[in-house]
Amino acid sequence: MLANDPFWFKDAVFYEVPVRSFFDSNGDGYGDFRGLTQKLDYIRDLGVDCIWVQPMYPSPLLDDGYDIAGFTEIHPDLGTVNDFRLFMDAAHARGLKVIADLVMNHTSDQHPWFQEARRNPNSPKRDYYVWSDDPAKYSGTRIIFLDTEPSNWTFDPVAGQYFWHRFFYHQPDLNFDNPEVWREMFDIARFWLNLGLDGFRCDAVPYLYEREGTNCENLPETHGFLRALRKMVDSEYPGKIMLAEANQWPEEVIEYFGTVEQPEFHMGFHFPVMPRLYMGLRREDRSSIVDILRRTPDIHESTQWATFLRNHDELTLEMVTLEERHYMWDEYAPNPRMRSNLGIRRRLAPLLDNDRGRIELLNALMLSLPGSPCIYYGDEIGMGDNIWLRDRNGVRTPMQWTSDRNAGFSTAGQLWAPVINDPHFGFFHVNVYDQRRLSGSLLNWTRRILAVRKEHPAFGRGSMEFVLPEQKEVLGYIRRYHEDVVLAVVNLSPRFQQASLDLSPFLGATVTDLFDRSPFPDVTESAYSLTLQPHGYYWLQLSM
C-alpha cells in the first residue's frame, strides 16, 4: 500500500479495535491508548493496513461510547488527547493508518449541549436538538431498537417537551436544520484530522434529517450535508477518507457515494451481503450470495465497499426477509439470550461452532469478494463471547493475550468486563501467545491469507464475474484487475464436491495456487474440473 496513494483504502484491510477492550497499560482494568500503542507491532504484523478505533470520547457508556458527552476530548479511562497523539505518531511510524468513529446523528443526554437545551428554552443550544409538543409527529418513521424503545420520542420533564431520537432514549438526535450544528460537526472533524487521523467511520448517516410524510431516512437534505462535509475534507485534508455506516439496501447505499462531480463517501459498508454469507453456508446454497451481489449496482472506481463478518454490534438481520430472519435465529441463535433486537449478539467463532474449516471458509469468502474487509479484534484468534453481559457487550470482552491472569489484558483486580473463561473459548485455550508459537494456528493462518491478498490488486480493485458450476453448493468467481486475474472457488457444503467450470475466456492460461505456488492443469477447451474438500476453497492465479 503506497502511503501517497489517494486510493489506498481500496487495497486496505481494516482492523476494528475497541480501545477499552484491547490492552490495559496502567492496571486500572480498562484498556487505554498507551496500551493500544504497546500492541501496535502485533496489529502491524497481522498484516492489516488501517485501524478503526471505536468511540474514544467522554460518555456515560450506556451505548458503548456511541452516546457521546464531549466530542473533542478522550474518555479518562482511555487516556488523554496527548496519549492519542502519541498513538497516532506510533501507528504512522509503522505504516498503519487510523480512522475513528464520527457520531453525527446524536449525542448523549449528558452532553453539555443537551443539558443547556433542556434547561433554557431561550438558549441557542435548544435548537441543536429536535423538539415537539406532539409525539405523533414523523409517525411514518420506523423504530430501530424495537426490543427496547416504544417510540422515537421521549418526554423530558425539565424541558416540558418531547425530544426526537432514532436510537436509545438517552441519545437525543441533533437538528441538522440548524446551521450551527453543521458548524459544530465541521469543527469536530477538523479537530481530529488536525491530530493526524486518516479519516472517519461515520456512524448512522441515513438519519440526520426529519421530514413529515417520509420515513426520515436517506433524505435529500442528508445528502446535502454529507456532500458539504466531504467537500471540506477534500479541500482542507486531501487524502483523508470517509466511510459510511448506512444499513440500507445496496441501491440506497450507493447514493452515499455521491457522484464524481459531487462526491460524498469514499467507502460504504455492504450490510446485506454479510448475513447471506452465513445463510449460504448453513443452507449449502450459493443463491442468496449470488442474488445480493447481482443486485448490487456498480460503483465509481474511486469508491469502495467495506465488507465484514462480525463487528461490535449484533449480527444485524434488518436487510433480510422475515422468513430469512427467523431461519437465521433458529440456526445461529437458538437461545433467546443470543438474540438482540433484529440480530444476533455472537462472535464469529461461536456462530460457526468453533469449526476451523467454516471459519476459514467465511474469511476466504470475505477477503476475496469485492470490497475492503474489516476484521473485528480477536476474531483472528477465534475468541468467544459472553451472551449474559448487558446489551452487546458480550462481543466486546477483553482481548486474550496470554493464559496468565486476566488473559494478559490487565493486572487489575477487577476488569471493566470479565474475560472469557469457558471450556471452549476461555483464555487458557485461546490466546495470542500460544497461537503465535503454533504454525497451524488460526492467527498464523490469518497472517498468511492476508499476506497473499496483499500481493493481488485484483481483490481490492478488480471486477467480478461469476463462474457457476452445476452444484449449488459451489460458488466460483473471477476477480480481474488488468493482468492480475484470480479465480476463487468455495465449497459451502461439508462434503467433497467435484466442480466443472467454464473457463473458455481464459483458454491456454496457466493456473497456479496462490497459497503454495503449486501448478494446476492449464485451461483447455474442456470444462475445468476441480475437487474441493469439505468447506474447501481455492484462490488460483490465471496467467495468459
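**Aromatic pairs, packed helices and a strand residue**

In this predicted model, the count of aromatic pairs, taken as rings of Phe, Tyr and Trp whose centres lie within 6.5 Å, comes to 44. A pair of aromatic rings is described by the distance of the centres and the angle of the planes. For Tyr42 and Trp401 the ring centres are 5.0 Å apart and the planes stand at 80 degrees, and because an angle over 60 degrees counts as edge-to-face, this pair belongs to that class.

It helps to ask where the two partners of this pair lie. Tyr42 is part of helix H3 (residues 40-46), whereas Trp401 sits in the loop between strand S14 (372-376) and helix H14 (432-437), so the pair ties together parts that are 359 residues apart in sequence. Tyr42 has a relative accessible area of 3% and is therefore buried, since buried means under 20%, and Trp401, at 4% relative accessibility, counts as buried by that rule. Both residues also belong to a cluster in which ring pairs link Tyr15, Phe22, Phe23, Tyr42, Tyr376, Tyr377 and Trp401.

From rings we turn to helices. Helix H13 (residues 356-368) and helix H15 (residues 442-454) pack with their axes 11 Å apart, at an angle of about 20 degrees; because angles under 35 degrees count as roughly parallel, H13 and H15 are described in that way. Their crossing is right-handed. On the side of H13 the contact is made by Arg356, Ile359, Glu360, Asn363, Ala364 and Leu367, and on the side of H15 by Leu442, Trp445, Ile449, Leu450 and Arg453. Sorted by character, the residues of this contact comprise seven nonpolar, one polar and three charged. When reading such a list, it is useful to know that an α-helix has 3.6 residues a turn, so residues three or four places apart point the same way.

Another helix shows where buried residues can pack. In helix H5 (residues 112-119), the residues Trp113, Phe114, Gln115, Ala117 and Arg118 are buried, and the buried residues of H5 pack against strand S4 (131-132), strand S5 (153-156), strand S6 (161-164) and helix H6 (179-194).

Finally, consider Arg480, which lies in strand S16 (residues 474-481). Is Arg480 buried or partly exposed? With a relative accessibility of 31%, Arg480 counts as partly exposed. If its neighbours within four places in sequence are left aside, Arg480 is in contact with Ala458, Gly462, Ser463, Glu465, Val485 and Phe506. Tyr207, by contrast, is 273 residues away from Arg480 along the chain, and the C-alpha atoms of these two residues are separated by 36 Å.

Definitions and conventions
Residues numbered from 1 in each chain as written. Predicted model: local features only at pLDDT ≥ 70, side-chain atom pairs only at ≥ 80, totals over all residues. Heavy atoms only, no water. Axes fitted to C-alpha atoms, helices over the stretch in contact; angles between N-to-C directions. Helix = DSSP H or I, 4+ residues; strand = E, 2+ residues; numbered from the N terminus. Parallel < 35°, antiparallel > 145°, perpendicular 65-115°, else oblique. Left-handed = near helix turned anticlockwise from the far one by under 90°. Contact = heavy atoms within 4.5 Å. Nonpolar A, V, L, I, M, F, W, Y, C, P; charged D, E, K, R; others polar. Phe/Tyr/Trp six-rings, centres within 6.5 Å; stacked < 30°, edge-to-face > 60°. Buried < 20%, exposed > 50% of the residue type's maximum accessible area, 1.4 Å probe, protein only.
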